[in-house]
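The following exercises introduce the structure shown below. Each task is followed by a solution in steps.

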Amino acid sequence: MEVINLDGTEDTPKIILDRNNGIFEISGRSLPEDSAEFYQPVLDWLDEYGKNPNPETNFIFKLEYFNTASSKLILDILSKLEDIDNTSISWYYHEDDEDMEEAGTEFSELVEVPFEFKTY
Amino acid sequence: MKYIYELHKTMVARNLILVYEGEFTQEITKSVLAMAERNMDAIGEDSAVKRKVFNVMVECLQNIVKHSDEVEDGIYTDKNSAIFMIGKQDDKYIITSGNPVANDKIEHLQSKLEYINSLDKEGLKTYYKDKIKKSKGLSPKGGAGLGFIDMARKSGQKLQFDFEPINDNISFFSLKNW
């Protein structure tokens, strides 16, 4: 399967989706001009991955900031992950960032995927 | 040349630290955000405050990019119809925006803002979760319909707003966050 490896920019996150190495990570800032267009390749990739996933998938979110349009797409990603067996989420937030911690808690209440919360 | 002095006095009197008037695009949004961030870094602003201010600024600026309506009336052309300002009074930031909206959208906008203002912290949280869960996708303009709710949650204050008629079809929508 192809690897998605996007460098982060001031308004888009760094994304690594690498099945062979078991790395699934979205980090940085997310406020793209067109969130739906930006995240479509990620959703397509997950559709493909879901057909033949690894025995376990640990998806890392390490976001510094995301806008409301991105939050809808993050929920779409989580909804895809919900359908993949043995998936867990590692939700990182800066130790003094209560809003990011709360955002993770809210997402964890919206989908049936185990979340682990970690600070950095 | 007196208008320069007058404008400066207005800015000082209103505690404005940044005023941007002109075209609003994603590129401009990034520049304004970078400038405001540097400004807050320079004074050693608390990182929690910085994050909240950044958050409200993004939603405000992207709202203008996505939803500002075009107006050509008198001094207004579609290239110069919106404004974005950051003010700082004592240790509080005030983020304001102004842009034209078609009159037929006002009723919907106003009831949405009033509803948000009627909710407390828990109510806003429930409303946010409910909306994000139920929405089928982004609007044709790329919004999630969550911007105002997020602003109210992050600022912890009621959203102040006003509509000033420009002409029979369009009004100037002002929004203040602090």
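Does Lys80(A), at 27% relative accessibility, count as buried, partly exposed or exposed?

**Solution.** The classes are set by relative accessible area: buried means under 20%, exposed over 50% and partly exposed in between, with a 1.4 Å probe and protein chains only. At 27%, Lys80(A) therefore counts as partly exposed.

*Conventions.* This is a predicted model, in which local features need pLDDT of at least 70 and side-chain atom pairs count only at pLDDT 80 or more, while totals for chains, interfaces and linings use all residues. Residues are numbered from 1 along each chain as its sequence is written, chains are lettered from A and ligands numbered from 1 in the order in which they are written, and side-chain values use heavy atoms, with hydrogens and water left out.

**Exercise 1. Describe the surroundings of Lys80(A) and its link to Asp47(A).**

Step 1. Place the residue. Lys80(A) is found in helix H2 of chain A; helices (H or I, at least four residues) and strands (E, at least two) are DSSP runs, numbered from the N terminus.

Step 2. List the contacts, meaning heavy atoms within 4.5 Å. Leaving aside neighbours within four places in sequence, Lys80(A) touches Leu43(A), Leu46(A) and Asp47(A).

Step 3. Examine the pair. The side chains of Asp47(A) and Lys80(A) form a salt bridge at 3.1 Å, N to O; the term requires a side-chain nitrogen of Lys or Arg within 4 Å of a carboxyl oxygen of Asp or Glu. Distant parts of the chain are linked in this way, with Asp47(A) in helix H1 (residues 35-51) of chain A and Lys80(A) in helix H2 of chain A, 33 residues apart. In space, their C-alpha atoms are 7.3 Å apart.

Step 4. Classify the partner. Asp47(A) has a relative accessible area of 39%, so this residue is partly exposed.

**Exercise 2. Compare the settings of two further salt bridges.**

Step 1. Take the pair in chain A. Arg29(A) and Glu64(A) meet through their side chains in a salt bridge (3.1 Å, N to O). Arg29(A) lies in strand E3 (residues 23-30) of chain A and Glu64(A) in strand E4 of chain A, 35 residues apart, so that distant parts of the chain are linked. Arg29(A) is buried at 15% relative accessible area, whereas Glu64(A) is partly exposed at 38%.

Step 2. Take the pair in chain B. In the salt bridge of Glu27(B) with Lys30(B), the closest N and O atoms are 3.1 Å apart. Both residues lie in helix H2 of chain B, 3 residues apart, about one turn of the helix. An α-helix has 3.6 residues a turn, so residues three or four places apart point the same way. Glu27(B) is exposed, with a relative accessible area of 51%, while Lys30(B) is buried at 13%.

Step 3. Extend the second pair. A network of salt bridges links Glu27(B) and Lys30(B) with Glu10(A) and Asp11(A).

**Exercise 3. Check the length of helix H3(A) and find which of its residues are buried.**

Step 1. Compare the spans. The expected span is 1.5 Å times one less than the number of residues. For the 13 residues of H3(A) (residues 98-110) this gives 18 Å, and the end C-alpha atoms are 19 Å apart, which agrees.

Step 2. Name the buried residues. They are Met100(A), Ala103(A), Gly104(A), Glu106(A), Phe107(A) and Leu110(A). Seen down the axis of H3(A), these buried residues fall within an arc of 160°, so they line one face of the helix; the arc is that of the directions from the helix axis to the C-beta atoms.

Step 3. Identify the cover. Among the elements covering the buried residues of H3(A) are strand E4 (57-66) and helix H2 (68-82) of chain A, together with helix H5 (121-134) and helix H6 (147-155) of chain B.

**Exercise 4. Characterise the interface of chain B and chain A.**

Step 1. State its extent. The contact takes 29 residues from chain B and 26 residues from chain A. About 2400 Å² is buried between the two chains, and carbon and sulfur atoms give 52% of that area; buried area is the accessible area (1.4 Å probe) that two parts lose on being put together, summed over both.

Step 2. Count the charged pairs. There are 10 salt bridges between chain B and chain A. One joins the side chains of Lys125(B) and Glu102(A) at 3.9 Å, N to O.

Step 3. Name the contributors. Helix H2 (26-42), helix H3 (47-67), H5 and H6 of chain B each give two or more residues to the side of chain B that touches chain A. H3(B) gives the most to this side, with 9 residues.
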